[in-house]
Amino acid sequence: MKVTRHTQRLFRLQQAVFYALLIAVVILLAKVSVETNKQFDWTANARHTLSDTSRELLSGIDNTIQIQVFISPDDQYHAAVIELLERYQRHTDKLNISYIDPAFSPDLVRSLNIQQQGEMVVSQGKQQQHVFDLSEQSLTNALITVSRQKQQWLVFIEGHGERSLFEQTNFSLSTWAQQLQSQGFQLHAHNLTQSPTLPENTAVLVIASPTRNWLPGEVDIVKDYLEKGGNLLWLAEPDQTDSLAALSESLGIEFIDGTVMDPNTAMLGIDDPRFVLISDYANHPVGVATASVSLMVEATAIQQTNPDNSVGWQYLNLLNSQPDAWVESNALTPDNLSMQRYDAGADVSGPFSLGYVMTRTSDTDQPPQRIALIGDGDFVSDAYIGNAANLDLAMALVNWLSNDDKLITIPVKTSVGTQLSLTKTQSIILGLGFLVMFPLLLLVTGLGIWWRRRRR
């Protein structure tokens with residue numbers, strides 16, 4: 001082909017147009033990348049994406065919430081804080097976030113009692129919560145606390161050997177109490193003999209496994225509270241005092257005498273049949289919020305005695321035992337536990353309920369009245385609340401009883417599938433592959449290329 005001046009001009013023009021178009025494409029791509037922020041979370045459990053519960057909470061925030069972040073610009077966690085808060089800002093414009101360098105605001109640090117780098121203070125009006133770790137659970141809990149429209153008081157009856165909120169023993173409820181307080185609940189232990197009037201701002205009354213008799217007047221106070229529309233959480237036990245029979249009768253339920261036995265726990269390596277596995281939950285917000293199996297210990301079965309629903313309650317069997325479970329009527333001792341078997345003549349066979357939820361509506365604009373009766377209190381005790389989904393169940397119950405349905409659960413994001421386990425044979429194959437076969441393949445390929453070039 002003969003190259004003329006005309007051809008050279010056309011070639012230069014073609015090059016000029018190509019480079020102009022290339023520059024235009026680069027500029028457009030840069031503009032799109034700056035103005036467009038699209039992210040994809042391909043992790044196994046979406047741990048870089050907010051949970052549905054957090055997103056629903058953010059969409060329901062009506063008033064502006066202040067978040068003050070105390071962190072130095074050069075701190076190693078500065079980028080992580082920004083990334084976490086940006087996830088929240090994508091779903092609401094009601095978060096007013098300010099970053100404060102502690103070195104330049106010593107008075108504010110002292111007044112708010114800031115203790116560490118990266119600490120966040122979440123506030124709305126007079127409500128204020130401190131967040132110390134960079135997790136969705138902690139930050140969302142703080143947002144829940146400050147965004148509650150009213151103070152939620154959980155009143156725990158005491159004076160009859162009930163489980164303590166503050167003592168740190170296997171029988172006590174201190175771990176559960178800390179979790180409740182982290183979600184904005186105010187806890188109050190109340191002795192009916194010392195103060196026969198329940199606090200007016202009681203959101204939920206809790207009866208937690210009493211071991212001594214109640215006075216008839218105390219039972220009447222609780223019955224009167226329920227007649228006025230109060231909510232109740234009742235944690236019962238097989239050896240529960242008979243002095244509460246009048247209360248259970250007024251609710252249309254009764255507790256079956258004896259201890260629930262579950263032979264299925266032996267498959268999990270638990271030799272004690274008094275441990276009961278609960279995997280069958282009702283289609284109810286509490287059941288949906290409970291992530292997996294929950295574990296009851298020395299539970300009592302519950303049955304309804306009001307089939308005609310004469311008192312206006314709607315009953316739902318929330319917790320169902322396994323079909324081969326039974327209620328043991330004989331006295332149990334450590335020596336005879338392994339010998340216990342279902343006796344068709346004396347024992348009650350499963351399945352049966354270990355937990356009922358009850359609702360009743362009124363003609364007023366008040367939210368529906370709610371009651372939960374659980375045939376075990378050990379599942380929320382310090383000894384067992386960390387097992388299986390016991391904590392999820394306990395928190396869901398309280399949020400439902402206090403009419404905070406949308407706040408029933410906040411899942412914790414954890415890393416999964418991050419460990420690679422290899423057998424000895426697989427390790428040898430990988431070692432030989434990378435240390436011998438792969439270098440040998442490169443050597444053979446190089447020699448082949450050299451040989452072909454030499455023969456040309």
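**Strand pairing, aromatic pairs and salt bridges**

Biologist: How many bridges join strand β1 to β3?
Modeller: Strand β1 (residues 65-70) runs antiparallel to β3; strands (E, at least two residues) and helices (H or I, at least four) are DSSP runs numbered from the N terminus. Two strands pair if DSSP finds at least two bridges between them. Gln-66 stands opposite Ser-123 of β3. The bridges that join β1 to β3 number 5.

Biologist: What kind of model is this?
Modeller: Residues are numbered from 1 along each chain as its sequence is written, and side-chain values use heavy atoms, with hydrogens and water left out. Totals for chains, interfaces and linings use all residues, whereas side-chain atom pairs count only at pLDDT 80 or more and local features need pLDDT of at least 70, for the model is predicted.

Biologist: How many residues of strand β3 are buried?
Modeller: A residue is buried under 20% relative accessible area, exposed over 50% and partly exposed in between (1.4 Å probe, protein chains only). On one side of β3, Glu-119, Val-121 and Ser-123 are buried, and on the other Met-120, Val-122 and Gln-124 are buried too. The strand spans residues 119-124, and the buried count is 6 of 6.

Biologist: Which residue takes a positive phi in the hairpin of β3 and β4?
Modeller: β3 pairs with strand β4 (residues 127-131) in the antiparallel sense over 5 bridges, and the bridge partner of Val-121 in β4 is His-130. The hairpin has 2 residues between its strands. The phi in question is near 65° and belongs to Gly-125.

Biologist: Which are the edge strands of the open sheet β10-β16-β17?
Modeller: The sheet consists of 3 strands with antiparallel pairing. Strand β16 (residues 326-328) is joined to β17 by 2 bridges, and Val-327 has Val-348 of β17 as its bridge partner. The edge strands each pair on one side only: β10 (259-261) and β17 (348-349).

Biologist: How many residues apart in sequence are the parts that Phe-275 and Tyr-384 tie together?
Modeller: Rings of Phe, Tyr and Trp (its six-membered ring) pair if their centres lie within 6.5 Å; planes under 30 degrees apart count as stacked, over 60 as edge-to-face and the rest as tilted. The structure holds 6 aromatic pairs, among them the edge-to-face pair of Phe-275 and Tyr-384, at 5.7 Å centre to centre and 75° between the planes. Phe-275 lies in strand β11 (residues 275-278) and Tyr-384 in the loop between β19 (369-374) and α10 (390-401), so the parts tied together are separated in sequence by 109 residues.

Biologist: Is Glu-298 buried or partly exposed?
Modeller: A salt bridge is a side-chain nitrogen of Lys or Arg within 4 Å of a carboxyl oxygen of Asp or Glu. Arg-274 meets Asp-272 in one (2.8 Å, N to O) and Glu-298 in another (3.6 Å, N to O). Asp-272 and Arg-274 are buried. Glu-298, at 33% relative accessibility, is partly exposed.

Biologist: Which helix holds both Glu-83 and Arg-87?
Modeller: The side chains of Glu-83 and Arg-87 meet in a salt bridge (3.5 Å, N to O). Glu-83 is partly exposed at 39% relative accessible area, whereas Arg-87 is buried at 14%. The two are 4 residues apart, about one turn of the helix, and that helix is α3 (residues 78-89).
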